[in-house]
Amino acid sequence: MSKQNKPEAPVEKNELIETTIEDLTHEGHGVGRIDGYAMFIPYALPGERIQAKVIKTKKGYGFGKLITVLEESSERTEAPCPVYVKCGGCQLQHMTYDAQLRYKHKQVKDAFERIGGLDETVVRDTIGMEDPWRYRNKAQVPIGVKEDGRLKAGFYQKRTHNIIDMDECIIQQKENDDAVQQVKDIAGRFGMSAYDEESGRGFLRHVVTRYAPTTGQLMIVLITNGKKIPDEQAFIEAVCSEVKDTASIVQNVNTKRTNVIFGERTKTLWGEDYIYDHIGDVKFAISARSFYQVNPVQTKTLYDKALEYADLRGHETVIDAYCGIGTISLFLAEKAREVYGVEVVPQAVSDAKRNAQLNHFDNVTFATGKAEEVMPWWVKANGLRPDVVVVDPPRKGCDEQLLDTMLEVAPERIIYVSCNPATLARDLKHLVEGGYEVVEAQPVDMFPQTTHVEVATKLVRK
């Protein structure tokens, strides 16, 4: 539909409307129509007849607030989190888990057809979790002040920077929840003030915790607006004695007026610089700022699928673009002759090398740089010809130059791991036009209760 032909709004702001929900957007909003005019309504589910209040109108579409469900979907369930609607960290707790998995499959299938023109591609059913709660191994929680002056810890209210005071988040591992609340209470006892975004004053900005379930180690990171922790030694002793499983206490100093959580200066106050965790048989050292997947159970599921798609027999050369701290690279190294990983973040490359040594892999090489620049250099200078290329880019997808480089290098197989079905479909279209065939795609539910989905896709050269 052209811009000129988009329907004018047949509704007005604050008007009460009734509509039947036809579909869900990629953000999890229900889609209803009034005389062909699309209305996006959070917390409404397909098949439901609902009453909503019009919040905003634009040319072609509007937004509404769910008032009443007149005819309820069988896929609706009671959200167990008491602050679910306020928080916004989850978007699908009101939907049964089986329905969430079907929705994520449809999200991938729709993107493949609409953006990639991949109507015939097999998209497998989404692999879910046996227990889709308490899966996140990392918490990043802002600190604020209650009305009585005590510290509070909680997530930001949707579309605001108001902190919702909460004792727990039921998609976080309980160890992280408990640690955040205990550290907050100890910080209050030691007179630490909460950072205030508006004034730029106050000391404690965030408490970040990382828990490694396979080793039982906990890392606590204090994000502070200043270097000096009040009565530092006594504070450390209190944390060590009161917070179970503490293996590392780290301070990160961030004095900038910014929404970015971490600053540039990080130092270990007590314990090790790293905690250790396993995914399958591979051991990983995790620092305060390491990128490490937040759902270890589903990470193994996803990487096992990537390994299956790579179809390694022991003689292959593999390139892992966007290798991070080497998570996929080391999975591949168990089966390949040699693996080359490239990553633009120098600290991640240092962590990847450490992890290779930790697991006694001598068939892995890591380099710092952009994959689209490093890969051609490897090919020209070293005569390297990969049999398999694996990419796991950020949400924006692969750089077009990297896609062209992969086409030029022409590996037998490309394994594309993605956290964004739309950019995945766009990039697959480019690779298909360059001579590859998409064999199949496997969605994996890495983030239950949210709209996000990971996908492993196998391509072979025609």
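Helices are DSSP runs of type H or I with at least four residues, numbered from the N terminus. The exercises below apply this term to a predicted model.

**Exercise 1. Determine in which helix Glu373 lies, and whether Glu373 is buried, partly exposed or exposed.**

Solution.
Step 1. Helix α8 covers residues 371–382, and Glu373 lies in this helix.
Step 2. The class depends on the relative accessible area: buried means under 20%, exposed means over 50%, and partly exposed is in between.
Step 3. Glu373 has a relative accessibility of 49%, and therefore counts as partly exposed.

**Exercise 2. Identify the residues that gather in the patch of negative charge, and the helix that supplies the largest share of the patch.**

Solution.
Step 1. The patch lies on the surface and brings together Glu373, Asp399, Glu400, Asp404 and Glu408.
Step 2. Helix α9 spans residues 400–409.
Step 3. Three residues of the patch come from helix α9, and this is the largest share.

**Exercise 3. Carry out the corresponding analysis for the patch of positive charge, and classify Lys58 by accessibility.**

Solution.
Step 1. Lys13, Lys53, Lys56, Lys58, Lys65 and Arg159 form this patch on the surface.
Step 2. The element that gives the most to the positive patch is strand β5, residues 49–58, with three residues.
Step 3. Lys58 is located in strand β5.
Step 4. Because its relative accessibility is 40%, Lys58 counts as partly exposed.

**Exercise 4. State how many salt bridges the whole structure holds, and explain why the pair of Asp445 and Lys104 ties together parts that are apart in sequence.**

Solution.
Step 1. A search of the whole structure yields 23 salt bridges.
Step 2. In one of them, the side chains of Asp445 and Lys104 meet at 2.6 Å, N to O.
Step 3. Asp445 belongs to the loop between β21 (436–444) and β22 (454–461), whereas Lys104 belongs to helix α2 (residues 97–114); the pair therefore ties together parts that are 341 residues apart in sequence.
Step 4. Both Asp445 and Lys104 are buried.

**Exercise 5. Describe the salt bridge of Lys300 with Asp304, including its place in a helix.**

Solution.
Step 1. The closest N and O atoms of Lys300 and Asp304 are 2.7 Å apart.
Step 2. Lys300 and Asp304 are four residues apart in helix α5 (residues 296–310), so about one helical turn separates them.
Step 3. Lys300 is partly exposed at 32% relative accessibility, and Asp304 is partly exposed with a relative accessible area of 32%.

**Exercise 6. For the salt bridge of Asp427 with Arg426, decide which partner is buried and which is partly exposed.**

Solution.
Step 1. The closest N and O atoms of Asp427 and Arg426 are 2.9 Å apart.
Step 2. Asp427 has 2% relative accessibility and thus counts as buried.
Step 3. Arg426 has a relative accessible area of 38% and is partly exposed.
Step 4. Elsewhere, salt bridges that share partners join Asp23, Lys106 and Asp110 into one network.

**Exercise 7. Characterise the protein chain as a whole, and explain why it is as compact as a globular protein of its length.**

Solution.
Step 1. The chain has ten helices and 22 strands.
Step 2. Its radius of gyration is 24 Å, close to the 23 Å given by the globule rule for 462 residues, so the chain is as compact as a globular protein of that length.
Step 3. Along the principal axes, the C-alpha atoms fill a box of roughly 65 × 65 × 40 Å.
Step 4. Of the 462 residues, 55% count as buried.

Technical notes: Residues numbered from 1 in each chain as written. Predicted model: local features only at pLDDT ≥ 70, side-chain atom pairs only at ≥ 80, totals over all residues. Heavy atoms only, no water. Patch = residues over 30% accessible without salt bridge, like charges linked within 9 Å, V, L, I, M, F, W, Y side chains within 5 Å. Areas by Shrake-Rupley, 256 points an atom, 1.4 Å probe, with all protein chains shown as cover. Salt bridge = Lys/Arg side-chain N within 4 Å of Asp/Glu carboxyl O. Lys, Arg positive; Asp, Glu negative; His and termini not counted. Charge placed at Lys NZ, Arg CZ, Asp CG, Glu CD. Helix = DSSP H or I, 4+ residues; strand = E, 2+ residues; numbered from the N terminus. Buried < 20%, exposed > 50% of the residue type's maximum accessible area, 1.4 Å probe, protein only. Rg over C-alpha atoms; globule rule 2.2 N^0.38 Å.
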